[in-house]
Amino acid sequence: MLASEVTSLLDRLGVAPDCRRGARAVRSPLTGETIAHVEDASPQRAAEAIAQAEAAFRQWRHVPAPQRGELVRLLGHELRAAKDALGRLVTIEAGKIVSEGRGEVQEMIDICDFAVGLSRQLYGLTIASERPNHRMMEQWHPLGPVGVITSFNFPVAVWSWNAALALVCGSPVIWKPSEKAPLAALAVQALFERAAAKAGNIPDGLSTVLIGGRDVGEVLVDDPRLPLVSATGSTAMGREVGTRLARRFARGILELGGNNASIVCPSANLDLALRAIAFAAIGTAGQRCTTLRRLFVHDSIHNEFVARLKQVYASVRIGDPLTSDEVLVGPLIDQAAFRNMQRALEQARTHGARVHGGERVDEKRFPNAYYVRPALVEMPAQTGPVLRETFAPILYVMTYTDLDAAIELHNAVAHGLSSSIFSTDMRETEKFLSAAGSDCGIANVNIGPSGAEIGGAFGGEKETGGGREAGSDAWKAYMRRLTSTVNYGDDLPLAQGVRFDI
Ligand code: UN1
C-alpha cells in the first residue's frame, strides 16, 4: 500500500525509473513493508563519481561565488515547491511525524537562503603588516570535492547543511546517504538536477549521490582527491572515519550524536519546561542526535514535576503518523533500535531505576514495525546506560540540590552536543552559559536541547566529534585559507627585523 504512494511521490519528485530498481530493498519503518528497490553504487561507479567531481571542481572554482549562489537559490526554489512531497517521503522513509518531515525540508530551504546570502559574504581580512609598504591579506578559496555521509534520522537536511555551503564556497559534493533512507536522497538529487538545468552551464558531477553501505563510505573517506569528509552517525563510526582522515591529513566535520541533558531549576516556568521537555525527549521518537536524554530536576520541585511528566508520557499519542495529525510519536527505525532500547531499560533496572513506559505498542497490527511508548526512567544516580547514547525515546530523570554539582554531572559524559537549563534566575542561566557551565557545543535557556535553527553553528565537543555545520562561520571548513603579503615598495625589509644583506 505504501509502495504505490512512494511510486507516485518519486514520480512527482522527478526520480527517474532506472534509479528505482536494484538489489537493495528499502523498507518503511511505518509498517515494515518494502517500499522500493535501489541499486548500490559499484566501487567503479564511486571512483568515476570522484573523478567527475574533481573535473567539476576545476570549472566551478572559477565561477564567481554570487553566481554559484544562484544555483543554490534555484535549489531552494525547487525545495519550496516540493516541500509537501519530499516531507511526506521523509515521513515514510524515516518514520518522523508529518510536521517534522515538512520541518526537515524547511530546514533545507533555510540553509539554501542562508547560503545564497553568504555567496556575497565570503569575507577575507586585511591585516596590518609590520613592514613599510606592505599589505597582508587573507583570502578564502574553494577547497575541493567534499564527501558527505549522512544518517537515517535527518536523511536530507544534513546533506543540505553541507551541500548548500560547499556549493557556494566552490566545492562539489558527493553524498552517501544512509542505506536506510536512500529514496529521499534520490529525490533531492532529482531536485538538484532540475535546479542545475534551470541555472544552465553547471558541470556534470557537481552533486552526486552514491547509494550503498559501509564500503561506499570507505571509498569517500580514503580517497585523496576528497580534502574534506563530513560524517554524521555513531561515535564508533566517527572514530574510524576521523582516524582514517587523519592518516591522509584530510579534514573531517564529525557530528556524532549526543547524550544531551537539561536542568530544571526551582524558578523555572514549569508549564513551559514541560512542553519543551516533551518535544525534546519524545519528539522524533528520541531519534535526534539532539534528543534530550538526561534530566536533572531540583529536589524542591522534583515530585510535582515528575508526576506531570508521567502524565504526558502515559497519554502521548503513538502510531502511524500518516493516519492522524494527533500522533506525536512515530516508530523506531528498525528492530535493532528496539532491541537497543530494551537492553538499555533492562540495564537501568539493574541500576535501581523505576521505568515508566518503554513497551512495544501496536505489535499485532504492525508485526514488522517497532512502535514504543516513550520511557521515563527515574534513576537514583547517573550510572550504567545513562552514561551512553541510546538512540530511542528514553529520558533518565535524576534529582539535584546544588546547581554546581548538577553542572558537574551534566558534563560528566562522553558526548558534548547540546544542553539546556530551565530557570528565570539570571545568575543560574549565566552560570550555565559561562566558561564553567555546559561543556557542549550548544547550550540553551528555557528551550530544550533539540530543534536548532540553521543560523547558528551546529555541532559539539568531545565524542560528538568537534565539527560545526550550518550557520555562523561554518562555511570556512569548505574553503582553504590563503595568507598573502604584498610588497608595493622598492625596499625589502624583513619581518622580525632580520638582516640578510648580500
Ligand atoms: C540530527 O539529529 O542529526 O537541532 C540533527 C535539531 C535539528 C537537527 C538534528 N535541527 O534537532
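# Exercises on a predicted model

The C-alpha centres of domain 1 and domain 2 lie 30 Å apart. The model is a predicted one.

**Exercise 1.** Find which residues make up domain 1 and domain 2, and how many residues of each are in contact with the other.

*Solution.* Start with the bounds. The domain assignment gives residues 2-256 together with 465-483 to domain 1, and residues 260-445 to domain 2. Next, count the contacts: 14 residues of domain 1 meet 19 residues of domain 2. Finally, sort the residues on the side of domain 1 that touches domain 2: 5 are nonpolar, 5 polar and 4 charged.

**Exercise 2.** State where UniProt places the feature "domain: Aldehyde dehydrogenase" and describe the chain over that range.

*Solution.* The unreviewed UniProt entry puts this feature at residues 25-480. Over residues 25-480, helix accounts for 39% of the chain and strand for 20%. The C-alpha atoms at the ends of this range are 40 Å apart.

**Exercise 3.** Determine in which sense strands β1 and β2 pair, and what they form.

*Solution.* Locate the strands: β1 covers residues 24-27 and β2 covers residues 34-38. They pair in the antiparallel sense over 4 bridges. As one position to look at, Arg24 stands opposite Val38 in β2. Now look at the link: 6 residues lie between the two strands, which form a hairpin. In the turn, Gly32 has a positive phi of about 85°.

**Exercise 4.** Decide whether Glu255, annotated as "active site", is buried or exposed, and list what it touches.

*Solution.* The annotation comes from an unreviewed UniProt entry. Glu255 is in strand β9, residues 251-255. A residue counts as buried if 20 or more other C-beta atoms lie within 10 Å of its own. Glu255 has 30 other C-beta atoms within 10 Å, so Glu255 is buried. Leaving out residues up to four places away in sequence, Glu255 touches Thr232, Cys289, Gly459, Thr464, Gly465, Gly467 and Glu469.

**Exercise 5.** Explain why the buried residues of helix α14 are on the same side of the helix, and name what covers them.

*Solution.* Helix α14 runs over residues 426-433, and its buried residues are Glu428, Thr429 and Phe432. These residues cover an arc of only 95° around the axis, so they are on the same side of α14. The face turned away from the buried side carries the exposed residues Met426 and Arg427. The cover over the buried residues includes α13 (403-411), β18 (418-422) and β19 (442-445).

Definitions and conventions: Residues are numbered from 1 along each chain as its sequence is written. This is a predicted model: local features need pLDDT of at least 70, side-chain atom pairs count only at pLDDT 80 or more; totals for chains, interfaces and linings use all residues. UniProt positions are given in the numbering used here, feature names are shortened, and annotations may be inferred rather than shown by experiment. Two strands pair if DSSP finds at least two bridges between them. A residue is buried if 20 or more other C-beta atoms lie within 10 Å of its own, exposed if 12 or fewer, and partly exposed in between; C-beta atoms are placed from the backbone. The arc is that of the directions from the helix axis to the C-beta atoms. Two residues are in contact if their C-beta atoms, placed from the backbone, lie within 7 Å. Domain bounds come from an automatic or database domain assignment. Ala, Val, Leu, Ile, Met, Phe, Trp, Tyr, Cys and Pro count as nonpolar, Asp, Glu, Lys and Arg as charged, and the others, Gly among them, as polar.
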